[in-house]
Every structure is written in C-alpha cells, then in structure tokens.
Amino acid sequence: MQALLRPFAIKSSGDLARFGVILALAGLILFGALRYDNFLSPFNILSFLRYNSMFALIALGMAFVIITGGIDLSVGGTAAMASVVAALLSPYHWAAGLLGGMAAGLAVGALNGFIITKMRIQPFIATLATMLAAYGTGLLLADNQSVSVSYDTGFTVIGQDDFLGFPIPAWIGLAAYVLGWLVLEKLPIGRHILAIGDGEATAGLMGLKVERTLAAVYLASGTLAGLAGVILASQFGAGQPTEGVGWELFAIASVVVGGTLLTGGSGSVGATLAGALLLAMVFNILNFENGLGWISLSAYWQSVIRGAFLLVVVVLQAKLMARHRSA
C-alpha cells in the first residue's frame, strides 16, 4: 500500500500548496454541480474554457517569470496592444492577424528582456514602464477606439469555433501548457530557470547562461500575452486597446494560488493552470448565484468576493505549509 501511495506523497510545502489548490478547485466544481442545474452543462463548460483560455495563457507566462524571481506587469497592456494589431492585420489573412498579434507580444517581451538583462533595471520597474508603453501604443494604433476584425478571412474562427467538439482557444491553451510542462520538467532550460530563481549569482557561478535564460523567459511571457490578445480580438470581434486592465494581477494570483513562491526557485505548470481555473470558477459560480435570484451582485461586489476568496486560499495555504514544516 505504501508503494502505491508513494507517488502521491507530499514531499515539500510547495507540494502541499499545489495539492491544496487542486482540492479547492475540485470542491468548487462539486459545490456548483450540486447547487446549480446547468453548471455541468456542455454550454457552460465550453463557454468557461473558451473565455478563460486567455487568462490561462498569461498565467503560464507569468509562472515562468515568477519562478526566476521576476515579475511581468506588462502582460495586460501587451494583450490589449496585440488585440489591436491582430484586428488591424486580420483583413489581410487570418494568419496575418495571428502572427502579427504574437509578434507584438514578442516585441514587448524582447524589450523587457533587454531592459532587465542588459540595462540591469529591476523587473518591477522595467515591466511597469513597458506596460504603460504598450497601453499607449495600443491606443495610438486604434485611435482610442475598438477596432473591428475582418469576418471574411476566417480570423474569428480562432476564438469562436470548435475543433473536435472542443473550443479552439482551449486547444491552444492546452498545447501551451503541455509545452510549458515539457520545458520546465524535461528540458535543461527548465532546471536553469529553477536555478536562477534560487539565486542568479549562484546560477552564474555554476556556468549557467543567466541573461540568455531570463531573456527567453520574458520573450515567452510576452508572446503568450500576445497570443491571449489575438484570442481576445478573435473571440469578441474587435481589438480592444482598453482591455487587459488587471490581467497581470489575475496572472500573479493564479501563480501564487498554485503554490509558486514570489521569491522564485520553485513552481508548477499544472498547479498554475489549477490556480487560474480556480479563480475563474469563483466568477462562474457568482454568475450562477446571481441567476438564482437570491442575491444580486454587481461586477464590483464580485471583484471584492474574488479578492476575499483569494486571500482566504492564500492564508490557508500558508497555515498548511507552516504546519507541514513543523511536523
């Protein structure tokens, strides 16, 4: 019996936090299934996955950044700018919109990597600056208004259609997370990322290419944010330069709830996905609760409740980890 349970053993406080977020997610799903008639209906499940794929993508990029001990505040502004670029290019071809939006995110990620690794600016300040620049660029390109996408080139298929009965944005998110898991768990660069999070100086003394790895991480974060912007434009039929506000906070919260330390050095791709789904599930349940008519919560109150729920989850995780250390 012990041999069978060994793969599921909790070996560290990080493992305990990741187990906690998965347990909380399962609990919310069970609660919703028992309380609401259509909670597990195909329509709700597919709509949930289609919409929240954008947030899952930026959370994935943020996870890699935070594991290195950094932060990327620019992801929301990058997604907004990328949605505008994708919308402007969508009349030429669906691929032009897709690649253009991702290229916009890649450019922001490259700029972040250059400022942080070559100019030695702290990630918080560097990405705050690029966040403001990205929002401003998006507004300039869009002339301070939404930009309609082309419905004639098939661009909207990316965000609105299904493949094998599953939303295309969810397929994209799944592919990104599988690739992210392979990078972190199976490839040498994943071990380099974890080592840098434990200490850049130590990683450098070990002969690791710290600057190159950090630049690659910010490139990935920017590209994933750009891809989220493409899905945003395709799904809602317009590039939205004012969208993306608070997305970076959602991404950071998803990573932290998933058990990744803000100080870096440890983290999990799968737990980050569970954290993103957990926070999105809270919003979904609040919408169902409004539909029952027992209460009527505005979007503002929903934000308050989500913030309180996040605080409770983080506090409980901290207590569980402290108890685990003392055991």
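**Exercise 1. Work out what share of the protein chain counts as buried, and how its contacts are spread along the sequence.**

Solution. Start with burial: of the 327 residues, 49% count as buried, where buried means under 20% relative accessible area, exposed over 50%, and partly exposed in between (1.4 Å probe, protein chains only). Next, take contacts, meaning heavy atoms within 4.5 Å. Among those with a separation of 6 or more, 78% join residues 24 or more positions apart.

A word on the model: it is predicted, so local features need pLDDT of at least 70 and side-chain atom pairs pLDDT 80 or more, while totals for chains, interfaces and linings use all residues. Residues are numbered from 1 along each chain as its sequence is written, and side-chain values use heavy atoms, without hydrogens and water.

**Exercise 2. Decide whether Gln235 is buried or exposed, and find what Gln235 touches.**

Solution. First, locate Gln235 in helix 11 (residues 210-236); helices here are DSSP runs of H or I with at least four residues, strands are E runs of at least two, and both are numbered from the N terminus. Then read its relative accessibility: at 13%, Gln235 counts as buried. Finally, leaving out residues up to four places away in sequence, Gln235 touches Arg50, Tyr51, Gly159, Gln160 and Pro169.

**Exercise 3. Place Leu164 in the chain and say how accessible Leu164 is.**

Solution. Begin with the position: Leu164 sits in the loop between strand 2 (162-163) and strand 3 (166-167). Now check the accessibility: Leu164 is exposed because its relative accessible area is 70%.
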